[in-house]
Amino acid sequence: MTTTAAPRLHTGALLAVAVTVVAWASAFVAIRAVGASYEPGPLALGRLLVGALALGAGLLLSRSRWVTPTPREWGLVLLCGLAWFAVYNVVLNAAEQRIDAGTTAMLVNVGPILIALFAGLLLGEGFPRWLLIGGGIAFCGAVLVGASTADTGSADVLGVLLCLAAAVTYAIGVLAQKPVLRRLPGLQVTFLACAIGAVACLPFTPGLLADLAAAPASATAGLVYLGLVPTALAFSTWAYALARMDAGRLGVTTYLAPPITIVLSAVLLGELPPVLALVGGAVCLVGVALSRRRSPVRSQIR
């Protein structure tokens with residue numbers, strides 16, 4: 001009789017997920033605040049330049065050796081950098097100038113559903129029952145959070161479309177990144193993708209220089225924060241976790257971002273969440289917990 005047990009999750013990967021989710025949740029609040037002084041394109045360029053510099057410094061100080069990517073790996077890293085770092089940041093910044101942070105977080109979190117589905121189709125990760133159940137429940141929770149915080153007076157069709165575009169490019173970036181992490185170090189992949197995104201955003205340089213000259217110090221500090229924490233740190237911890245977890249299962253954990261965003265908004269921006277947002281956050285937690293369940297262990301007699 002042989003028993004097939006599910007692999008144990010790496011403790012470091014779980015910690016990395018926690019850091020990533022909190023940092024990315026804070027990004028929605030920071031973008032909302034900094035966006036008053038920086039246009040979407042220049043904000044994306046400034047954030048990516050700071051992130052690339054920090055990641056490059058970390059790569060030089062690390063002991064990991066440089067692994068030369070194959071042509072296929074270069075193509076996937078290029079796709080990740082253009083989709084997830086360049087396009088995603090620009091459209092997300094533009095969306096948050098039209099729609100409040102809670103609604104934006106909810107709409108962008110359509111991405112994990114896309115990741116889970118396409119990871120099953122393209123990466124051979126399959127469709128575990130609890131992943132689908134948990135993902136559906138967590139999505140309902142995210143909808144409640146977004147609905148409770150939506151400012152219907154400022155929400156418009158273009159803003160919603162920008163959020164959905166961000167979700168799609170987020171999913172594309174994760175799916176492109178996952179195969180590369182099988183051989184290349186996570187820090188190297190993150191640095192390359194961030195640098196590619198920064199180069200793609202270079203046409204926004206004149207706007208960045210103009211915004212830097214006019215923006216208050218607090219807004220510029222927020223831009224630097226976005227580059228150091230939600231970009232350099234969080235994308236590195238994400239790559240670390242993604243190399244050790246299924247893309248679909250990891251993607252679902254980002255449903256924790258909307259309720260965390262609400263809490264941070266209340267503390268930092270004075271936006272108190274309504275009761276429905278608290279209910280939605282609890283539903284998100286339940287969904288994420290269910291998505292991490294494994295099917296019963298099966299015993300086979302040979």
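This report describes the fold, core, cavities and salt bridge of a predicted model.

Residues are numbered from 1 along each chain as its sequence is written, and side-chain values use heavy atoms, with hydrogens and water left out. Local features need pLDDT of at least 70 and side-chain atom pairs count only at pLDDT 80 or more, while totals for chains, interfaces and linings use all residues.

**Fold and core**

The protein chain has 13 helices and two strands; these are DSSP runs numbered from the N terminus (helices H or I, at least four residues; strands E, at least two). Of its 302 residues, 51% count as buried, where buried is under 20% relative accessible area, exposed is over 50% and partly exposed lies in between (1.4 Å probe, protein chains only).

The largest nonpolar core holds 73 residues. Such a core is a set of buried Ala, Val, Leu, Ile, Met, Phe, Trp, Tyr and Cys residues joined through side-chain atoms within 4.5 Å. Tyr38, Trp84, Phe85 and Trp238 touch the most other members. Among the elements that give two or more residues to this core are helix 2 (40–61), helix 6 (129–149) and helix 10 (217–242).

Tyr38 is in contact (heavy atoms within 4.5 Å) with residues including Leu43, Gln97, Asp211 and Leu223, leaving aside those up to four places away in sequence.

**Cavities**

There are two cavities of 30 Å³ or more. A cavity is a set of points on a 1 Å grid over the protein atoms alone where a 1.4 Å probe fits but cannot get out, and its lining residues have an atom within 4 Å of a point. Volume is the space filled by probe spheres set on the points, which are joined across faces, edges and corners. The largest cavity encloses about 200 Å³. Its lining has 14 residues, with Trp24, Phe28, Tyr88, Val108 and Tyr170 nearest the centre. Helix 1 (11–34) and helix 3 (71–95) each give two or more residues to this lining, and helix 1 has the largest share, four residues.

**Salt bridge**

The model has one salt bridge, defined as a side-chain nitrogen of Lys or Arg within 4 Å of a carboxyl oxygen of Asp or Glu. Glu73 and Arg183 form it, at 2.7 Å from N to O. The partners are 110 residues apart and link distant parts of the chain.

| Residue | Location | Relative accessibility | Class |
|---|---|---|---|
| Glu73 | helix 3 | 8% | buried |
| Arg183 | loop between helix 7 and helix 8 | 42% | partly exposed |

Note on methods
On a 1 Å grid over the protein atoms alone, a cavity is a set of points where a 1.4 Å probe fits but cannot get out, and a pocket is an open set with protein on both sides within 12 Å along at least five of seven lines; lining residues have an atom within 4 Å of a point.
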